[in-house]
Amino acid sequence: MGSVARVTESTPLITSPEPSVEGFVREYLRELNFTQGTVLERASTNDKYLALARTVRHYLMSRWMRTTNEHLRTQPKAVAYLSAEYLLGRQLDNALIAADLTEVASEALASLGIDLADLREAEVEPGLGNGGLGRLAACFVDSLATMSIPAIGYGIRYEYGIFRQNFVDGWQVEEPDHWLDNGSPWEFAHPEHEVTVSFGGRTETVTEQVGDDTVERTRWVPGWKVLGVPYNYMVPGYRNGCVNTLRLWSARATHAFDLEIFNYGDYAEAVRAQTFAENISKVLYPEDSTPQGKELRLQQQYFFVACSLRDFIDQLLPEGFDLHRLPERVCFQLNDTHPVIAVPELMRILVDEQGFAWDEAWEVTQGCFAYTCHTLLPEALEVWPVELLGRLLPRHLEIIYRINDEFLDEVRESSGDDELLVRRMSIIAEHPQRAVRMAHLATVAATKVNGVAELHSQLLRDKVLADFARLWPEKFTNVTNGVTPRRFVRLANPGLSGLITEAIGDGWVTDLDRLRDLEPMADDPEFRRRFREVKAANKERLAGFLERRDGIEIPADTMLDVMVKRLHEYKRQTLKILHVVTLYDRIVSGRLDPEDVVPRTVVFGAKAAPGYAMAKQIIGLINHVGSVVNAHPEVSRVLRVAFPANYDVTVAETLIPAADLSEQISLAGKEASGTGNMKFALNGALTVGTDDGANVEIRQLVGDDNFFLFGLTEPEAAAVAEAGYRPSAYYEENPVLRRALDLVARGEFSGGDRRVFEPIVSNLLGEDRFMVLADFQSYLDAQERVETAYRDPDAWSRAAVLNVARSGFFSSDRSMRDYLDRIWHAEPMEA
Ligand code: GP0
């Protein structure tokens with residue numbers, strides 16, 4: 001790699017065009033003719049889309065260059081967000097609204113006989129994440145840009161993102177996500193800034209003469225190397241002139257590597273080696289909350305953090321920068337444990353490459369990292385077998401051992417040699433095999449450790465990381481998650497956005513607390529009527545969308561009851577489907593007159609990790625129940641089930657604005673935060689939910705009257721577990737529950753075959769780790785309250801408007817302010 005010129009003062013820039021319809025037409029045709037190499041008459045939809053994306057980029061380009069130059073010139077303290085996932089969603093509309101170009105573009109295209117709406121559909125969303133965690137990262141980079149915070153997002157440019165989900169006879173089948181196949185107009189590859197990343201090999205000790213002293217130094221002698229090529233993405237702030245960068249790394253074989261093999265004349269072997277290297281960024285691991293300890297996954301993690309640290313130090317800091325002062329310039333925010341290998345990597349850079357003394361290096365390192373934990377499930381906490389980590393990163397393992405030794409000395413000292421405590425806190429687990437506990441490493445190294453909702457942070461302090469919180473109480477803090485109002489309200493719900501803006505002006509888009517000003521409108525019958533009109537229109541839009549996309553027909557004017565999230569037992573999709581089964585049973589058995597049922601459409605969206613058998617079973621059950629319900633002449637008049645395959649950000653944007661009821665029904669104490677819950681409340685859905693994650697805060701803000709609470713609380717659930725939970729007792733005592741489970745067990749939804757869903761039934765009756773049966777009756781009762789409330793449209797829409805008005809807190813802009821105040825201590829740039 002050649003040395004790269006550093007910009008120290010602004011270089012002259014070609015400025016972006018002024019937005020005008022004629023100008024846009026000119027830019028667009030230029031892109032179509034000169035870059036896409038075609039003419040309007042012969043252009044495919046994809047040609048037209050690509051040309052449009054590139055045209056829109058023109059309008060953001062000088063902001064981007066200016067922002068980048070300002071960061072380099074003024075060297076402010078920056079946030080470097082390290083995340084293995086960014087679930088970005090489609091880029092076109094977001095870029096258009098950020099640049100305030102939607103109308104200009106739409107008119108310009110119309111003058112050429114092109115419908116903007118058709119081109120939108122051509123974009124394949126970059127699905128570089130699994131779910132909540134990846135989408136959170138995407139919301140955060142949006143907010144950072146909108147708030148003019150000097151920030152860079154670092155991640156991996158997976159060639160294949162989250163798999164495409166298909167249903168075959170109701171069962172999930174995965175297909176590769178070819179998101180790059182039609183071109184990727186939003187990225188800028190910079191092979192000239194490639195970074196070399198080493199793996200494997202061994203370490204050796206060398207003696208060096210430093211002045212009069214001989215010092216022993218450890219050196220890593222790697223076994224193999226790969227290159228990381230950065231791909232830059234614009235992250236436009238909302239109409240504020242700031243465009244930050246998201247830098248995603250793609251793996252390439254080193255030139256030397258294959259050249260050597262070529263020279264031996266083994267062409268096939270050389271190509272194989274290349275494939276091996278390039279595998280590193282090939283595919284996103286589809287496990288959510290249950291990481292697989294796969295070697296390639298650790299390679300991915302080290303690959304992207306090694307590239308990112310190198311990049312930050314070499315490209316973003318001035319030449320000759322004194323790394324002792326690194327904490328003044330950056331906070332590396334660790335999004336879960338996936339990037340935690342960055343901790344020993346920075347130590348290696350400082351000690352082995354820069355010649356820092358260990359203690360000096362450790363002080364710098366501790367000043368540079370902060371760690372966000374996103375889970376409470378023990379199986380979601382990553383551990384890496386020592387054997388694997390040592391083979392792949394021998395020097396890093398040594399460094400981790402030394403960090404651990406010094407840390408455990410501290411624990412011994414402060415605890416009076418409490419060896420049990422030492423074993424619990426150790427970064428190295430001894431059983432079932434020697435392994436590195438990445439959450440412990442992160443907690444030891446970080447300036448701050450945060451959970452993602454009040455309850456979650458409390459449980460981290462009290463349970464998951466209690467020993468650490470006792471040792472360092474001041475390290476622990478909370479930042480409740482948030483979602484970007486740009487994508488999830490302004491862009492996804494133009495009807496509601498218009499209504500809000502008409503009532504209170506448009507300041508809410510970047511200052512969501514202003515939604516409070518809507519509160520009085522909840523009592524205005526005319527406003528409520530218009531709110532209902534918007535909801536109805538959103539339902540129609542959804543119906544059209546599902547019809548076109550999936551051939552699914554949903555009735556337009558029923559209560560829309562939505563449960564969308566990853567399929568996981570702790571989230572309890574089974575509880576929802578048992579409710580559906582109960583309604584079905586009551587109607588079919590004549591216990592319930594369909595006339596007395598509030599018509600509802602239950603919509604599910606969920607992907608299961610491909611190796612998670614129980615989750616896939618549950619998907620099968622939902623689809624099979626759905627088929628039977630939808631085919632039943634009486635039942636289907638009042639109850640429908642829709643499960644569109646391949647739930648993604650694009651589906652979310654159409655589905656959430658149409659929802660009346662938001663299902664947030666995890667067992668209390670299991671969902672770290674939830675972020676879908678916030679999107680629904682902001683779009684005027686009422687929540688039926690447990691006292692879990694951020695639901696707790698949603699309920700506090702919107703008020704008990706505007707939220708359907710049910711289920712065990714976390715302490716209650718813990719007490720039940722402690723006392724010995726027996727799910728079969730609930731089955732025996734509750735005839736309604738018994739009938740529902742028996743229907744499933746007897747094969748009502750599987751053509752009489754009792755074996756099909758036997759694993760689900762026996763799991764619920766035998767173990768039921770997430771207490772579905774314990775919460776079943778409480779959930780049914782809550783659904784009764786939902787029905788009663790929904791029968792009064794005025795009261796319902798009043799509550800819905802209050803949900804919108806009181807949910808401004810859940811803007812990711814507010815989350816960013818909290819991170820800035822509590823963790824990062826960085827400042828916005830001047831506009
Ligand atoms: C948590 F541990 N989350 C994990 C994980 O591996 N993947 C993931 O998406 C989620 C939590 O489950 C969450 O509660 C949370 O809000 C989100 O991370 C962001 O903090 C689901 O929304």
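Which residue in E23 is the bridge partner of Val-562? To find out, start with the model itself. This is a predicted model, in which local features need pLDDT of at least 70 and side-chain atom pairs count only at pLDDT 80 or more, while totals for chains, interfaces and linings use all residues. Residues are numbered from 1 along each chain as its sequence is written.

Select residues 559-564, strand E20. Helices (H or I, at least four residues) and strands (E, at least two) are DSSP runs, numbered from the N terminus. Five of the six residues of E20 are buried (20 or more other C-beta atoms, placed from the backbone, within 10 Å of their own), so the strand is largely enclosed by the rest of the structure.

Next select 661-664, strand E23, which runs parallel to E20 and is joined to it by two bridges. Strands count as paired if DSSP finds at least two bridges between them. The partner of Val-562 in E23 is Ser-662.

Now add 600-605, strand E21, parallel to E20 and joined to it by six bridges. Here Val-564 has Gly-605 as its bridge partner. Add helix H22 (573-588): E20, H22 and E21 form a right-handed β-α-β unit, meaning that, with the strands pointing away from the viewer, the path from the first strand over the helix to the second runs clockwise.

Finally, colour domain 1 (75-90 + 125-480 + 818-824) and domain 2 (521-810); the bounds come from an automatic or database domain assignment. Their centres, taken over C-alpha atoms, are 36 Å apart. In contact (C-beta atoms, placed from the backbone, within 7 Å) are 37 residues of domain 1 and 31 of domain 2.

Methods. A residue is buried if 20 or more other C-beta atoms lie within 10 Å of its own, exposed if 12 or fewer, and partly exposed in between; C-beta atoms are placed from the backbone. Two residues are in contact if their C-beta atoms, placed from the backbone, lie within 7 Å.
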